Amino acid sequence: MTTLDDKPKVRAGWRTPAALYRLISSPALRAVLGWDLPRRDVKWVRREEGMTCLEVGSGGGFYTAALREHLGEGTDLIALDPAGESLDALRDKLAGTTGARMSYLVGDGCKLPMPDDSVDALFYGYSLEEFPDPLGAVLEAQRVLRPGGQLVLFLWRPVITKGRRMPVAKLLDQTFDRQQHSAGPQNIRMRYIKRAR
Ligand SMILES: C[S@@+](CC[C@H](N)C(=O)[O-])C[C@H]1O[C@@H](n2cnc3c(N)ncnc32)[C@H](O)[C@@H]1O
C-alpha cells in the first residue's frame with residue numbers, strides 16, 4: 001500500500017476565483033460547449049443497491065441533484081465541503097429533488113471524517129484541483145473506500161495543469177485499479193476501483 005511517506009511532492013492547491021467558478025458552473029455554457037452534462041456524466045458512478053456515495057467538494061452542487069437522482073431511492077449520498085454556507089445553499093437547492101437520501105457534512109477532502117473501508121463510492125467533480133494536498137486526498141480516498149469501491153474523479157485541465165496532474169495520476173495508478181478514463185480538451189474523467197487486500 002502507498003503511504004504518505006512514499007508520495008511525491010506536489011504544489012499546493014488553487015482557489016478557483018468566484019467569477020471563473022460562476023462561468024464554468026453555468027449549465028448553459030457547459031452544455032453549449034459540450035463539456036458537462038450532469039445527467040450523463042454522473043453515470044460514471046455505477047449505481048449499486050443500498051450504496052453510500054460521498055461527493056467530496058460538492059460546492060454549488062453542479063452535479064449533486066443529478067447524482068442524487070441517478071443513485072436513486074434506497075441509497076445514501078453525502079455532500080461534503082469545507083464551506084458550510086455552500087452546504088446550506090445546496091440543501092435549499094435540492095429541496096424538491098428526489099433520489100438518494102441526502103446528508104451534508106462540513107469537512108476536508110484531505111482528512112475525511114469517515115472510518116476506514118466505509119464508503120462504496122467517492123465522487124469529485126472539479127474539486128480535487130483546489131485541495132491543498134491532492135496526494136493526501138488520494139490516500140484518504142484509498143483509506144475510506146471499501147475494497148472494490150469506486151473512485152470517480154473529474155478534473156478540469158485549465159486549473160490542474162500537467163505539472164500538478166502527473167503526480168496525482170501516478171499515485172492513482174499505483175494505488176487503485178483504473179477502470180475508465182477519458183480526456184477531452186477541457187476535462188479529464190477517471191474511474192478507479194479500490195483493490196481487494
Ligand atoms: C470548483 S468548485 C466545484 C464544486 C462542485 N463540485 C461543482 O462542480 O459545482 C471546488 C470545490 O472544492 C471545494 N474544496 C476546496 N478545498 C477542499 C478540501 N480541502 N476538501 C473538500 N473540498 C474542498 C471548494 O469549497 C469548492 O466547493
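**Strands, loops and a buried aspartate**

Q: Which residue in β7 does glutamine 180 stand opposite?
A: Strand β6 (176–183) is joined to β7 (residues 187–194) by seven bridges, and the two run antiparallel. Strands here are DSSP runs of E with at least two residues, helices are runs of H or I with at least four, and both are numbered from the N terminus. Opposite glutamine 180 in β7 stands arginine 191.

Q: What kind of model is this?
A: Residues are numbered from 1 along each chain as its sequence is written, and side-chain values use heavy atoms, with hydrogens and water left out. Local features need pLDDT of at least 70 and side-chain atom pairs pLDDT 80 or more, while totals for chains, interfaces and linings use all residues, since the model is predicted.

Q: Which strands are the edges of the open sheet?
A: Seven strands form this sheet in the order β3-β2-β1-β4-β5-β7-β6, with mixed pairing. Two strands pair if DSSP finds at least two bridges between them. Those that pair on one side only are β3 and β6.

Q: What angle does α6 make with β5?
A: Helix α6 (134–144) packs on the sheet, touching β4, β5 (145–156), β6 and β7. Contact means heavy atoms within 4.5 Å. Axes are lines fitted to C-alpha atoms, for helices over the stretch in contact, and angles between N-to-C directions run from 0 to 180 degrees. With β5, the direction of α6 makes about 150 degrees.

Q: Is aspartate 36 buried or exposed?
A: Aspartate 36 is found in the loop between α2 (27–32) and α3 (38–41). Buried means under 20% relative accessible area, exposed over 50%, and partly exposed in between (1.4 Å probe, protein chains only). Because its relative accessibility is 1%, aspartate 36 counts as buried.

Q: How many Å is the polar contact between the side chains of aspartate 36 and tyrosine 126?
A: A polar contact is a pair of N or O atoms within 3.5 Å; within protein, one must be able to donate a hydrogen and the other to accept it, and residues adjacent in sequence count only if both atoms are side-chain atoms. The side chain of aspartate 36 also joins that of asparagine 187 at 3.4 Å. Its contact with tyrosine 126 comes to 2.7 Å.

Q: What is the phi of tyrosine 126?
A: Most residues other than glycine have a negative phi. Tyrosine 126, in the loop between β4 and α6, has a positive value instead. Its phi is near 55 degrees.
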